[in-house]
Protein chains: 2
Amino acid sequence: MPDRNRVQAYLPAGAEAVPNTIGTAPGIWMRLSRAWVAALPGVPGEMKPMFDEFVVPRLRDLGLTAGVTAIRTIHTFGMGESQVESQLLDLTLRGREPEVGITASDAVITLRIVARAPTVAEAEAQIADTESLIRQRLGSLVYGVDGEQLEDVVIRELIARRQTIVTAESVTAGLVSRLLGRVPGASAALLGGVVAYANEVKQGVLGVPESLIRAHGAVSAPGVEAMAAGARLLMGSDYALATSGIAGPTGATATKPIGLVYIGLAWPNGVTSTHVNWFGSREEIQTRSAKSALNMLRLHLEKSKVEPQTNTEKDG
Amino acid sequence: MPDRNRVQAYLPAGAEAVPNTIGTAPGIWMRLSRAWVAALPGVPGEMKPMFDEFVVPRLRDLGLTAGVTAIRTIHTFGMGESQVESQLLDLTLRGREPEVGITASDAVITLRIVARAPTVAEAEAQIADTESLIRQRLGSLVYGVDGEQLEDVVIRELIARRQTIVTAESVTAGLVSRLLGRVPGASAALLGGVVAYANEVKQGVLGVPESLIRAHGAVSAPGVEAMAAGARLLMGSDYALATSGIAGPTGATATKPIGLVYIGLAWPNGVTSTHVNWFGSREEIQTRSAKSALNMLRLHLEKSKVEPQTNTEKDG
């Protein structure tokens with residue numbers, strides 16, 4: 001734990017200090033013969049804002065930025081990398097401008113558009129055209145751009161609607177709520193959650209009937225639906241997300257393999273569930289399942305956004 | 001999501017396939033003129049085991065490994081990087097053998113011993129000597145080595161004692177239970193937890209008295225102690241960890257700045273709490289607070305392990 005008051009940096013003669021608003025170590029900006037030198041702390045959380053806020057404007061003032069590279073990433077969830085790519089084959093061809101690359105990280109498939117042009121406006125126009133093509137083809141698979149995560153989208157949408165969410169997690173052990181809680185301002189939408197690892201907690205805290213667990217097991221559609229409905233009732237939220245599954249390395253049964261995960265969603269008018277079959281490590285199964293849960297709520301919110309246009313029934 | 005049955009790889013003539021037990025793409029092992037070439041998939045989770053299990057033995061068989069480098073990392077929690085370093089100045093001197101490096105990641109301070117010697121036995125002897133010096137100086141700051149995380153140590157210790165844990169999380173929003181749940185076999189010790197973001201959940205689910213919250217606020221020693229005791233009662237565990245604090249970027253008050261986090265621990269014979277003052281981003285404050293909570297339980301378990309030797313009282 002650095003002590004904010006202890007550090008007193010010495011700078012090379014002729015150097016200018018680059019302010020560090022996050023940590024204690026300043027950076028160095030100086031000219032050495034014909035070169036401009038920027039020395040910044042190695043911690044990415046400090047280095048990146050110092051680069052963006054200090055170094056980039058200096059380079060621009062010096063006329064050292066020839067042309068512009070603009071980058072936009074578009075994130076999708078719900079389909080595998082090869083399936084996403086098969087819908088964009090013409091866009092991902094080598095040599096196309098702007099370039100479109102595809103990467104996968106924990107079941108999030110990301111398209112990366114890189115445009116090089118003489119001006120920002122031209123680069124951004126290129127990106128906008130390609131982004132609109134991608135969105136047309138992928139529809140609701142696209143959940144966000146650039147730094148956005150599924151949890152950012154879900155929290156933003158809930159706050160906009162003044163609605164609330166709680167969680168009931170078994171296989172993800174708190175990861176769904178932890179992801180939601182990572183979003184600044186999450187407390188306006190996230191009331192809380194229950195991590196229900198033991199069946200006794202599913203029964204005693206969430207009110208899942210023992211008979212249901214005996215008949216179907218906790219890793220089942222009725223299981224996660226009862227967990228979601230129970231959590232919603234317990235904490236009085238609009239929505240509840242529930243997860244139950246087999247993350248491994250042990251716990252598989254004849255009918256329930258490692259990677260089988262049920263996800264439940266309860267809302268004021270009902271409850272539903274789905275299941276996924278992941279393969280991978282315990283950690284991967286947990287992470288992907290948590291994202292699947294967030295994505296399930298995202299799609300539900302998206303659908304219920306357009307419903308009022310076609311639905312003539314109104315709540316009292 | 002790769003399809004295990006779809007991939008049929010073509011190999012260069014004369015190449016041998018390197019088996020991939022995790023994913024679908026095999027690696028390539030072949031001789032090109034005087035060089036041996038190993039081409040492995042870029043995914044670290046696939047590449048690393050393929051390197052260890054296939055490439056290293058081949059290099060050894062070829063007599064291409066001259067001498068041995070052995071590495072051991074020793075992880076500490078509870079003291080800042082500069083404080084840890086000040087106790088090891090002679091060990092971290094440049095040129096010392098074996099080398100000792102120091103790194104910090106999310107408040108975990110890690111010592112890295114690198115020994116180079118003609119044989120494995122000599123390298124390991126060097127490491128053992130230095131490790132024992134480090135452990136003497138740092139005592140209970142050291143929680144683990146190599147791949148071990150705080151949650152691994154806590155779960156292992158709880159399972160060995162056949163004891164159980166639950167969580168009651170506000171500021172960490174489920175991260176403490178999520179870390180515990182990451183450990184294979186965690187369900188033998190982790191019963192569940194409550195994420196209590198809203199005060200209504202702290203009151204209604206954990207039984208924290210409204211008057212207590214009114215008098216002290218939820219971010220207080222009495223607050224986390226009541227949360228921990230409430231979670232333990234609710235789910236019937238041996239231990240409960242609770243967190244409550246201000247992660248920012250909003251929520252600070254005149255007396256409670258961003259980064260102030262209380263941590264509570266309840267056990268069969270009592271309840272206690274501590275507080276930390278982190279600075280950093282919301283994410284950093286949350287992550288470090290979750291680790292502080294795990295560390296608090298680790299130290300409690302460590303202390304209660306040696307107590308029977310000096311304590312003449314016995315439980316009935």
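**Exercise 1. Locate Ala173(A) in its loop, then work out what its phi and its burial look like.**

*Solution.* Start with the ground rules: this is a predicted model, in which local features need pLDDT of at least 70 and side-chain atom pairs count only at pLDDT 80 or more, while totals for chains, interfaces and linings use all residues. Residues are numbered from 1 along each chain as its sequence is written, chains are lettered from A and ligands numbered from 1 in the order in which they are written, and side-chain values use heavy atoms, with hydrogens and water left out.

Step 1: find the loop. Ala173(A) sits between β8 (165-169) and α5 (175-181) of chain A. Helices (H or I, at least four residues) and strands (E, at least two) are DSSP runs numbered from the N terminus.

Step 2: read the backbone. Phi of Ala173(A) is near 55 degrees, a positive value in a residue other than glycine. Most residues other than glycine have a negative phi, and most peptide bonds are trans.

Step 3: check the cover. Ala173(A) has a relative accessible area of 0%, so it counts as buried. Buried means under 20% relative accessible area, exposed over 50%, and partly exposed in between (1.4 Å probe, protein chains only).

**Exercise 2. Find the loop that holds Pro249(A), and describe the peptide bond from Gly248(A) to Pro249(A).**

*Solution.* Step 1: go to the loop between β10 (239-245) and β11 (260-267) of chain A, where Pro249(A) lies.

Step 2: look at omega. From Gly248(A) to Pro249(A), omega is near 0 degrees and the bond is cis.

Step 3: turn to chain B. The bond from Gly248(B) to Pro249(B) is cis, with omega near 0 degrees, and Pro249(B) is in the loop between β10 (239-245) and β11 (260-267) of chain B.

**Exercise 3. Trace the open sheet of 4 strands in chain B and say in which order the strands come.**

*Solution.* Step 1: write down the order, β5-β6-β4-β7 (chain B), with antiparallel pairing. Two strands pair if DSSP finds at least two bridges between them.

Step 2: mark the edges. In chain B these are β5 (99-105) and β7 (142-145), each of which pairs on one side only. From one strand to the next, the twist averages 25 degrees.

Step 3: zoom in on one pair. Strand β4 (residues 68-77) of chain B and β7(B) are antiparallel, paired over 3 bridges. His75(B) has Gly144(B) in β7(B) as its bridge partner.

Step 4: add the helix. Helix α3 (residues 120-138) of chain B lies across β4, β5, β6 (108-117) and β7 of chain B, and it runs at about 150 degrees to β6(B). Here axes are lines fitted to C-alpha atoms, for helices over the stretch in contact (heavy atoms within 4.5 Å). Angles run from 0 to 180 degrees between N-to-C directions.

**Exercise 4. Describe Asp146(B): its place, its phi and its salt bridge partner.**

*Solution.* Step 1: Asp146(B) is in the loop between β7 and α4 (150-161) of chain B, and its phi is near 50 degrees, positive although the residue is not glycine.

Step 2: with a relative accessible area of 32%, Asp146(B) is partly exposed.

Step 3: its side chain meets that of Arg72(B) in a salt bridge (3.3 Å, N to O). This pair links distant parts of the chain, 74 residues apart, with Arg72(B) in strand β4 of chain B. A salt bridge is a side-chain nitrogen of Lys or Arg within 4 Å of a carboxyl oxygen of Asp or Glu.

Step 4: Arg72(B) is partly exposed too, at 25% relative accessibility.

**Exercise 5. How far apart are the closest N and O atoms of Arg137(A) and Asp90(A), and of Glu16(B) and Arg58(B)?**

*Solution.* Step 1: Arg137(A) and Asp90(A) form a salt bridge at 2.8 Å. Arg137(A) is in helix α3 (residues 120-138) of chain A, and Asp90(A) is 47 residues away in the loop between α2 (81-86) and β5 (99-105) of chain A.

Step 2: Glu16(B) and Arg58(B) form a salt bridge at 2.9 Å. Glu16(B) is in strand β1 (residues 16-18) of chain B and Arg58(B) in helix α1 (residues 44-61) of chain B, 42 residues apart.

Step 3: place these in the whole set. Over all chains, the count comes to 28 salt bridges.
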